[in-house]
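Here are my notes on how this one packs together. Have the model open while you go through the points.

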Amino acid sequence: MMIVCHCQVVTETAVAEVVDAGARTLGQVCRTTGAGTDCGACVFTVKRLLTERQPTSAGGRVAPRGRRASDQAFAPTMSSASVA
Ligand code: FES
């Protein structure tokens, strides 16, 4: 178990889990895990893990910088919880 963020004691596994759960931006990963919210030294490592971990279904293209709309996409949706 490798600790990525020593300030918040966030492990590589924790980062991988939030990426698997749908986090697609550095901000999402940091807000969810707490990594990068103190000294910031781990941010590049978190970014690398995010890049390595996230699916490449977009053909390897990088999302446009500065787009914040995808931040909302991480919010859990209730659509699948609707009762038929
Ligand atoms: S090591 Fe992650 S915020 Fe300091």
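1. Start with the helix pair. In this predicted model, the axes of H1 and H2 lie 10 Å apart and make an angle of about 120°. Because that angle falls outside the 65 to 115 range for roughly perpendicular and is not over 145, H1 counts as oblique to H2. The crossing of H1 past H2 is right-handed.

2. Who makes the contact? On the H1 side you'll find Ala14, Val15, Val18 and Val19, and H2 brings Val29, Thr32 and Thr33. By type, the contact of H1 with H2 has 5 nonpolar residues, 2 polar ones and no charged ones.

3. Now zoom out to the core. The largest nonpolar core counts 15 residues, and Val4, Val15, Val29, Ala35 and Val46 have the most contacts inside it. Strand S1 (3-5) and helices H1 (12-20), H2 (26-33) and H3 (43-53) each give two or more residues to this core. H1 supplies the largest share, 4 residues.

4. Val15 is worth a click. Beyond its neighbours within four places in sequence, Val15 touches Val4, Val10, Val29, Thr33, Ala35, Val46 and Leu49. Two of those partners, Val29 and Thr33, also belong to the H2 side of the helix contact.

5. Last, a look along H2. Which residues are buried there? Gln28, Val29, Cys30 and Thr33 are. Right after H2 comes Gly34, with a positive phi near 95°.

Conventions:
Residues are numbered from 1 along each chain as its sequence is written. This is a predicted model: local features need pLDDT of at least 70, side-chain atom pairs count only at pLDDT 80 or more; totals for chains, interfaces and linings use all residues. A nonpolar core is a set of buried Ala, Val, Leu, Ile, Met, Phe, Trp, Tyr and Cys residues joined through C-beta atoms within 7 Å. A residue is buried if 20 or more other C-beta atoms lie within 10 Å of its own, exposed if 12 or fewer, and partly exposed in between; C-beta atoms are placed from the backbone. Two residues are in contact if their C-beta atoms, placed from the backbone, lie within 7 Å. Axes are lines fitted to C-alpha atoms, for helices over the stretch in contact, and angles run from 0 to 180 degrees between N-to-C directions. Angles under 35 degrees count as roughly parallel, over 145 as roughly antiparallel, 65 to 115 as roughly perpendicular and the rest as oblique. A crossing is left-handed if the near helix is turned anticlockwise from the far one by less than a right angle, and right-handed if clockwise. Ala, Val, Leu, Ile, Met, Phe, Trp, Tyr, Cys and Pro count as nonpolar, Asp, Glu, Lys and Arg as charged, and the others, Gly among them, as polar.
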